[in-house]
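Hi,

Here is the structure I promised to pass on. Have a look at it first, then read my notes below.

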Amino acid sequence: MKAAEKGTGNKRSWIRPLAVQVGTSSTSLAPAPCGLQLKRVLVPIDFSESSLEALKYAVAFAGQFDASICLVHVVEPAAFLNDVRKVPPAVSDREVANKLHHKLVMLARKEIDPVTPVHPLVCIGKPFDEIVRTAKTFNADLIIIGTHGRTGFKRAFLGSTAERVVQHAHCPVLVVRQKEDDFVQRDPPSTKKELL
């Protein structure tokens, strides 16, 4: 995407693209616009398609602003899942958290440029509480969250966790909707024709 020059009557003479192709080197990007600084981006990850789409946005923002990314996954305590006491699980919440931390690290290695600082974190608790608390502790400038997680609960506009994060977060929240046009550039489709 090329920068376009605006009319001479406007104080800003250039419009720069905010989103860039995921995976490009941060050295080739245009500088971030004056006045808008993002240094820490938090992305809740539950490994659903929606959260992985949100991660693509976070990678683009991190590249544009030279920001760090905090990946946070929340494990709901098995004994109190859906606020109902259940039979004690065969595997402890801590063991599950350790396995998921490894999975977050592998995801970061696969999807995020090695020069981008990444902080993978697994918490145990209620998802929206832990996301909001972690954003405040991490001093996040922006939370990027998908609308629907793996639970599949559909609300009128947002998933219930995303809606609560929007309501309670101390910083702006970018909600990435599934199956909508987005502004993160993708690799162009292949020009090769299939042989019949």
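The chain has 4 helices and 7 strands, where helices (H or I, at least four residues) and strands (E, at least two) are DSSP runs numbered from the N terminus. Along the sequence they follow the pattern β-β-β-α-β-α-β-α-β-α-β. Keep in mind that this is a predicted model, in which local features need pLDDT of at least 70 and side-chain atom pairs count only at pLDDT 80 or more, while totals for chains, interfaces and linings use all residues. Residues are numbered from 1 along each chain as its sequence is written, and side-chain values use heavy atoms, with hydrogens and water left out.

Let's start with the sheet. It is an open one of 5 strands in the order 5-4-3-6-7, with parallel pairing; two strands pair if DSSP finds at least two bridges between them. Strand 5 (118–124) and strand 7 (173–176) are at the edges with a single partner strand each, so one side of each has no neighbour in the sheet. On average, and ignoring direction, neighbouring strands are turned by 20 degrees against each other.

Val-72 is a handy place to see the pairing. Its bridge partner in strand 5 is Leu-121, and Val-72 is also the bridge partner, in strand 4, of Pro-44. Strand 4 and strand 5 pair over 7 bridges, while 5 bridges join strand 3 to strand 4. Strand 3 is mostly covered, with 4 of its 5 residues buried (buried means under 20% relative accessible area, exposed over 50%, partly exposed in between, with a 1.4 Å probe and protein chains only). For the chain of 196 residues, 35% count as buried.

Now the helices. Helix 1 lies across strand 3, strand 4, strand 6 and strand 7, at about 150 degrees to strand 6 (axes are lines fitted to C-alpha atoms, for helices over the stretch in contact, and angles run from 0 to 180 degrees between N-to-C directions). Helix 4 (residues 160–168) packs on the sheet too, touching strand 6 and strand 7, and its direction makes about 165 degrees with that of strand 6. Helix 3 (residues 127–137) packs against helix 4 at about 40 degrees, with the axes 9 Å apart. That makes helix 3 oblique to helix 4, because angles under 35 degrees count as roughly parallel, over 145 as roughly antiparallel, 65 to 115 as roughly perpendicular and the rest as oblique. Residues in that contact (heavy atoms within 4.5 Å) include Phe-128 and Ile-131 of helix 3 and Arg-164 and Val-165 of helix 4.

What about the inside? The largest nonpolar core has 27 residues, and Val-43, Ile-45, Leu-55, Ile-69, Leu-71 and Ile-144 have the most contacts inside it. Such a core is a set of buried Ala, Val, Leu, Ile, Met, Phe, Trp, Tyr and Cys residues joined through side-chain atoms within 4.5 Å. Helix 1 gives the largest share, 8 residues. Apart from this core lies another, of 17 residues, among them Cys-70, Val-74, Cys-123 and Ile-143.

Finally, two loop residues to click on. Asp-66, between helix 1 and strand 4, has a positive phi near 55 degrees without being a glycine, and counts as exposed at 56% relative accessibility. Asn-139, in the loop between helix 3 and strand 6, also has a positive phi, about 60 degrees, and is partly exposed at 43%.

Cheers
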